[in-house]
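Colleague: Before the methods note is added, I would like to go through this model with you, starting with the charged side chains and then turning to the strands and the surface.

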Amino acid sequence: MTGTYVFKMKPESTNTLYYTAKLGSGSLKVYYDNDDEKKELFTLHSCESADASLTPLKSGTLYIIIETDGKCENGDLSFSLK
C-alpha cells in the first residue's frame, strides 16, 4: 500500500479503540481524530508491530488516518470498538 487512507468509525456506547498492526517492510504512521484534532496513535517501521488500546473516546465520529512513507508491504492492521 502507498499513500494516505482514512477510515470513519462511530463510537457510541463504546469508548475504547483496540488495535493491532504489523508491517513487513516500509514505514507508516497512524493517526486518530476524535475531537477535531489529528493526534498520532503509533508509527511502524519494517518488521515492527503494535498491539494496544485507546480510551476514552468521545461519542461522535472517529477517523483513523494511515499515512505511508513510500511503499509498505506484508502488513496487517485491525481496529475495533468495544
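Colleague: Which residues are linked in a network of salt bridges?

Modeller: In this predicted model, Lys39 forms a salt bridge with Asp35, and their closest N and O atoms are 3.7 Å apart. The side chain of Lys58 also meets that of Asp35 in a salt bridge, again with 3.7 Å from N to O. Asp35 takes part in both pairs, and the network therefore consists, under a cut-off of 4 Å between nitrogen and carboxyl oxygen, of Asp35, Lys39 and Lys58.

Colleague: How many residues apart are Lys58 and Asp35, and in which loops do they lie?

Modeller: The salt bridge between Lys58 and Asp35 links distant parts of the chain. Lys58 belongs to the loop between strand E5 (49-54) and E6, while Asp35 belongs to the loop between E3 and E4, and their separation along the chain is 23 residues.

Colleague: Why do Lys39, Asp35 and Lys58 count as partly exposed?

Modeller: A residue is partly exposed when its relative accessible area lies between the limits of 20% for buried and 50% for exposed. Lys39 has 28% and Asp35 has 30%, so both belong to this class. Lys58 also counts as partly exposed, because its relative accessible area is 49%.

Colleague: Which residue forms a salt bridge with Glu67?

Modeller: Glu67 lies in strand E6, and its partner lies in strand E4, 29 residues apart along the chain, so that the pair links distant parts of the chain. Glu67 is partly exposed at 26% relative accessible area, and the partner is partly exposed as well, at 43%. With the closest N and O atoms 2.7 Å apart, the residue that forms this salt bridge with Glu67 is Lys38.

Colleague: In what order do the four strands form the open sheet?

Modeller: The edge strands, each pairing on one side only, are E1 and strand E4 (38-45). Strand E3 (residues 27-33) and strand E6 (residues 62-68) run antiparallel and are joined by six bridges, and within this pairing Asp33 has Tyr63 of E6 as its bridge partner. The pairing in the sheet is antiparallel, and the order of the strands is E1-E6-E3-E4.

Colleague: How many degrees does the twist average from one strand to the next?

Modeller: The question concerns the open sheet formed by the four strands E1, E6, E3 and E4, with antiparallel pairing. From one strand to the next, the twist averages 20 degrees.

Colleague: With which residues is Lys22 in contact, leaving aside its neighbours within four places in sequence?

Modeller: Lys22 lies in strand E2 (residues 17-22), and its C-alpha atom is separated by 15 Å from that of Asp69, which is 47 residues apart along the chain. With neighbours within four places in sequence left aside, the residues in contact with Lys22 are Leu44, Glu48, Ser49, Asn74, Gly75 and Asp76.

Colleague: Which residues form a nonpolar patch on the surface?

Modeller: One member is Phe7, found in strand E1 (residues 4-9) and partly exposed at 42% relative accessibility. That value is over the 30% that patch residues need, so Phe7 can be included. The patch has about 260 Å² of accessible area together, and its members are Met1, Tyr5 and Phe7.

Technical notes: Residues are numbered from 1 along each chain as its sequence is written. This is a predicted model: local features need pLDDT of at least 70, side-chain atom pairs count only at pLDDT 80 or more; totals for chains, interfaces and linings use all residues. Side-chain values use heavy atoms; hydrogens and water are left out. Patches are made of residues with over 30% relative accessible area and no salt bridge: like charges are joined within 9 Å, nonpolar side chains (Val, Leu, Ile, Met, Phe, Trp, Tyr) within 5 Å. Accessible areas come from the Shrake-Rupley method with a 1.4 Å probe; for residues, only the protein chains shown count as cover. Helices (H or I, at least four residues) and strands (E, at least two) are DSSP runs, numbered from the N terminus. Buried means under 20% relative accessible area, exposed over 50%, partly exposed in between (1.4 Å probe, protein chains only). Two strands pair if DSSP finds at least two bridges between them. Axes are lines fitted to C-alpha atoms, for helices over the stretch in contact, and angles run from 0 to 180 degrees between N-to-C directions. Contact means heavy atoms within 4.5 Å.
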